[in-house]
Structure formats: structure tokens, C-alpha cells
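Got the viewer open? Here is a short walk through the model, one selection at a time.

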Amino acid sequence: GQGRQRRTLTIDPFEQVEDWFNAISYAVTRPIVDSGRIGARGSSFSGGHVVYVAAHDPRIRTIVSQVGSLDSRSKSGAIQAEDTITQSNAYASALTTGHASYPDAGSTSVGKLIGTPVGNKLLRWAPLEVAHRVTQPTLFITAEHEELFSNSDNADAAYKRVSGPKSLKMLTDISHYGVYGTKRSEALTMTLNWFDKYLKALSGEPGLR
């Protein structure tokens, strides 16, 4: 409403994936969970998170990365401009010395998105670099007219690197956010079919009690 302060979004991918690991560690303790049949699905920024998590945690048996961003170091395939790197490193130094808030006051932007990166962490965030460690079945879903980043530098590149069973599907006639709108049902059907194929077939393992 009028006069309401706009909330600042913080971006700390390393902290976010730690939450994913913690969620898995908790889930496998629940009697309702079959710890041998855990799948993960991530969309947009978290489309990179699921690749990172699968690369480091074999408890994940299959993943779906939907319109995923897998390399925050780059913009349209080019490493970030020198002034961006300088600004990010300066902000990181300011955080460590108490001269900047967490996050910095106000909203900033990352490419075409609104948010405040924490320090210089995005300069090091590239799930693409560990995609070769993913041996689990992986489905990548992309948008034909992706406008926030390059498909070729993200999902397409990760698809070439993962070593397990894999599939790359493109949703036609949509841009990034169409996956939550006109093509939502199609994307969900792809995801559920993928999980059915690679999780239902598993015998399962007893969860921790």
C-alpha cells in the first residue's frame, strides 16, 4: 500500500542450499518418508540449487531443473563486468568490517531481477561447475523465449555435463514466467512423469526411525 516500505530480497545461494540439505536430513527421519525415493524439483534460481544439491547428496535420487539459472557469474554467457566484480567485492569487505548492513538497505538489481546479493557470493555461485558430478536421472525444462539468461549457458550446458539418465525438454512459445502460467500444467505433467519413472521403480529403503 501507499507509504509501505518495499521489502529487500536477499540472495545467498550457499545459505539457501544448506537449507535444502537440512530439509533432506529432517525428512528422512519421518516415518512417512521413504528415504530411498527422494526427488527434488527446483525452478528458476533454485533450478540451479537442485543440481548443486544432487551433486553433493546421494540421498537425492532424481531431480528436475525447471527454467534454471546455473551460473550466476555470467550474464548472457560473459563473465560479469569488471565494475560489477569490484562493487561486489567492495560490498563484501564492507560487510566484514561492519560498514554495510545485511543486506544493504534498499533494493538493487541482478540483471533483470530485483534483489540484493549478500557480499560477493554470486561471483562464486555456479552449479554448472559441479554438474558433472550428478549421476542421478535429471530432467531439464527450458522456456523457448527465455529472457532472463541464456539457455545455452545454463540448462543446455548442464545437460551436456550430467552423467546419469537425462532429458532436455523445451516449452515452446513462452518466456521465463510462462512456466508458472500458460505452460504450468505441461511443466507439472513432465515433472510428475519423470518422478514416476525414476522413483516408483525404486524398491525404496527404510527411513530412519
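Start with R59 and D57: their side chains meet in a salt bridge, with 2.7 Å from N to O. Keep in mind as you look that this is a predicted model. Colour the two residues by accessibility and they part ways. R59 is partly exposed, because its relative accessibility is 29%, while D57 counts as buried because its relative accessible area is 5%, under the 20% cut-off. The general idea behind such a pair is simple: side chains of opposite charge can pair when their charged atoms come close.

How many salt bridges does the structure hold? Five, and two others are on this tour.

Next, select E129 and R161. They form a salt bridge too, and the closest N and O atoms are 3.8 Å apart. This pair ties together distant parts of the chain: E129 sits in the loop between strand 8 (116–117) and strand 9, R161 sits in helix 4, and 32 residues separate them. Is E129 buried or exposed? Neither quite: with a relative accessibility of 37%, E129 is classed as partly exposed. R161 gets the partly exposed label as well, at 35%.

Now stay with helix 4 and widen the selection. Show residues 138–143 (strand 9), along with residues 166–171 (strand 10). Add helix 4, residues 155–161, and you have a β-α-β unit that is right-handed. Which way do the two strands run relative to each other, parallel or antiparallel? They pair in the parallel sense, over six bridges. To pick out one of these, click T138, whose bridge partner in strand 10 is K166. While you have the strands up, remember that in a regular strand the side chains alternate between the two faces of the sheet.

Then follow the chain out of strand 9 to N151, which lies in the loop between strand 9 and helix 4. N151 is buried, since its relative accessible area is just 13%, under the 20% limit. What is N151 in contact with, once neighbours within four places in sequence are left aside? Show T142, A143, E146, D156 and A157 to see the set.

For the last stop, select K183 and E186. Here is another salt bridge, with 3.8 Å between the closest N and O atoms. K183 is the buried partner, at 16% relative accessible area, whereas E186, at 36%, is partly exposed.

Technical notes:
Residues are numbered from 1 along each chain as its sequence is written. This is a predicted model: local features need pLDDT of at least 70, side-chain atom pairs count only at pLDDT 80 or more; totals for chains, interfaces and linings use all residues. Side-chain values use heavy atoms; hydrogens and water are left out. Two strands pair if DSSP finds at least two bridges between them. Helices (H or I, at least four residues) and strands (E, at least two) are DSSP runs, numbered from the N terminus. A crossover is right-handed if, with the strands pointing away from the viewer, the path from the first strand over the helix to the second runs clockwise. A salt bridge is a side-chain nitrogen of Lys or Arg within 4 Å of a carboxyl oxygen of Asp or Glu. Buried means under 20% relative accessible area, exposed over 50%, partly exposed in between (1.4 Å probe, protein chains only). Contact means heavy atoms within 4.5 Å.
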